[in-house]
Amino acid sequence: MKHVVVLMDGVADRPFAGLDGKTPLEAARTPNLDRLCAAGALGTLRTGAPGLPMGSDVGNMSVLGYDPRQYYSGRAPFEALAQGVKMDKGEIAFRANLVHVADGVMDDYSAGHMSTEDGRDLIKVLEKSLGGPKLRFVGGVQYRHLAMFKGSAFEGAKCTPPHDITGKPIEEYLPKGGGGKELRQIMEDSRLILEGHEVNRERRRAGKKTGNMVWFWGQGKAVAMPAFAARWGLKGSVITAVDLMRGLAKATGLEVIEVPGATGWIDSNFKGKAEAALKALAKKDFVYIHMEATDEAGHKGDAAAKVRAIELIDEVVVAALEQGLRGQDWRMLVTPDHATPLEARTHTDEAVPYFIYDSRQNGDGAGAKARYTEATARAAGKHFENGWELMAEFLQRQPAAKA
Ligand SMILES: [Zn+2]
């Protein structure tokens, strides 16, 4: 039995005025999804958990069959994992954004989407000036970097993502709680070091925003998740263009397949992703194809792009999978990791629609007899309040007791 997950990041939505009151799934032309869903089983699942941010890390963790309340330790540890950064014992990883603060207000969480070169230069000077046995900085991409603090107290700090406070005074959002005082001190110190640095002087001359402060958030201890193979008895692969997903794959021992031209947008190499999935399924029994374009379109509030992304996934990925797996026994799970409604332009935690197709039941009349949409899934009546329990239903087995 071959198992393939078609993960459309953030595809779930709400009726949208720009689509005549339809959701993108309702508005899209999806003959392949329609046919497979009609023969399959529809339902809804909740991928988030109370008290946890509704991020793609939490959502995809749930879909992979892991309870995020047990395994989610923060955003930064996953990014460390994705970048191949090893965390030492006792270290707490933080996201370290280079941000632009003006007159005490969070002006830009990305410091003008600065280049990786500028970002790494600035992180280097922070490491040189502020790093030591209790703190090290790790350069990442553009404005997104990491800082590792020694000491479990830092895990309990109350931090705020900088993109949540654009245009607001930073004072009340500075870290509080465990280690908060030290974090605030280093953020304060960073302003003096960064302000006069030549990279920022050059940016100012060129009319670009400076990275004039480091901002800590998203912290957690090193990720410790049981391997997917030990838990479910299946070897598998993940196909993705997104670092967080690569991290999740590494944390669970799933092979990451890199597809040239996979961009996370509607110009992505969908055909290459489908081909890579079929190639992997020739050797393994589980493949997770993660597609980001639907989420990006939701964040942009771009209805046409979201509909187009769904249609491309239907036309290129789903059609190729069905054709490539013909003659074999296979099951497919189609689901998002969370909703990214066009009107909200951010992740929301409502229940999302899924369907499971099983090639052995094709045409036996027992299927959903409906298209794959938010409303039809709700009407179907089947619901997983604990989204991580859906994987057992999809794989038709229970997770191993000790994994
Ligand atoms: Zn997502």
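Student: How many helices and strands does the secondary structure of the protein come to, and what makes a stretch count as one?
Tutor: The secondary structure comes to 15 helices and 15 strands. Both are DSSP runs numbered from the N terminus: H or I over at least four residues for a helix, E over at least two for a strand. This is a predicted model, where local features need pLDDT of at least 70, side-chain atom pairs count only at pLDDT 80 or more, and totals for chains, interfaces and linings use all residues. Residues are numbered from 1 along each chain as its sequence is written, and side-chain values use heavy atoms, leaving out hydrogens and water.

Student: How do you know what span helix 13 should have?
Tutor: The expected span is 1.5 Å times one less than the number of residues. For the 22 residues of helix 13 (residues 303-324) that gives 32 Å, and the end C-alpha atoms are 31 Å apart, so the two agree.

Student: Where does helix 13 bend?
Tutor: Helix 13 bends at Asp314, by about 30°. That is the angle between axes fitted to the seven residues ending there and the seven starting there.

Student: Which residue caps the N-terminal end of helix 13?
Tutor: Asp302 does, with a side-chain oxygen 3.4 Å from the backbone nitrogen of Ala304.

Student: Why are strand 11 and strand 15 called edge strands?
Tutor: The open sheet has 8 strands in the order 11-10-12-1-13-14-2-15, with mixed pairing. Strand 11 (255-257) and strand 15 (383-384) each pair on one side only. Two strands pair if DSSP finds at least two bridges between them.

Student: What makes strand 10 and strand 12 a pair?
Tutor: Strand 10 (residues 236-239) and strand 12 (residues 286-291) share 4 bridges in the parallel sense, set against a requirement of at least two. In one of these, Gly236 has Phe286 as its partner in strand 12.

Student: What does Lys284 touch?
Tutor: Lys284 lies in the loop between helix 11 and strand 12. Not counting residues up to four places away in sequence, Lys284 touches Lys2, Lys235, Gly236, Ser237 and Glu255, where contact means heavy atoms within 4.5 Å. The C-alpha atoms of Lys284 and Lys2 are separated by 7.7 Å, although their places lie 282 residues apart along the chain.

Student: How do you know that Lys284 makes a polar contact with Glu255?
Tutor: Their side chains come to 2.6 Å. A polar contact is a pair of N or O atoms within 3.5 Å; within protein, one must be able to donate a hydrogen and the other to accept it, and residues adjacent in sequence count only if both atoms are side-chain atoms.
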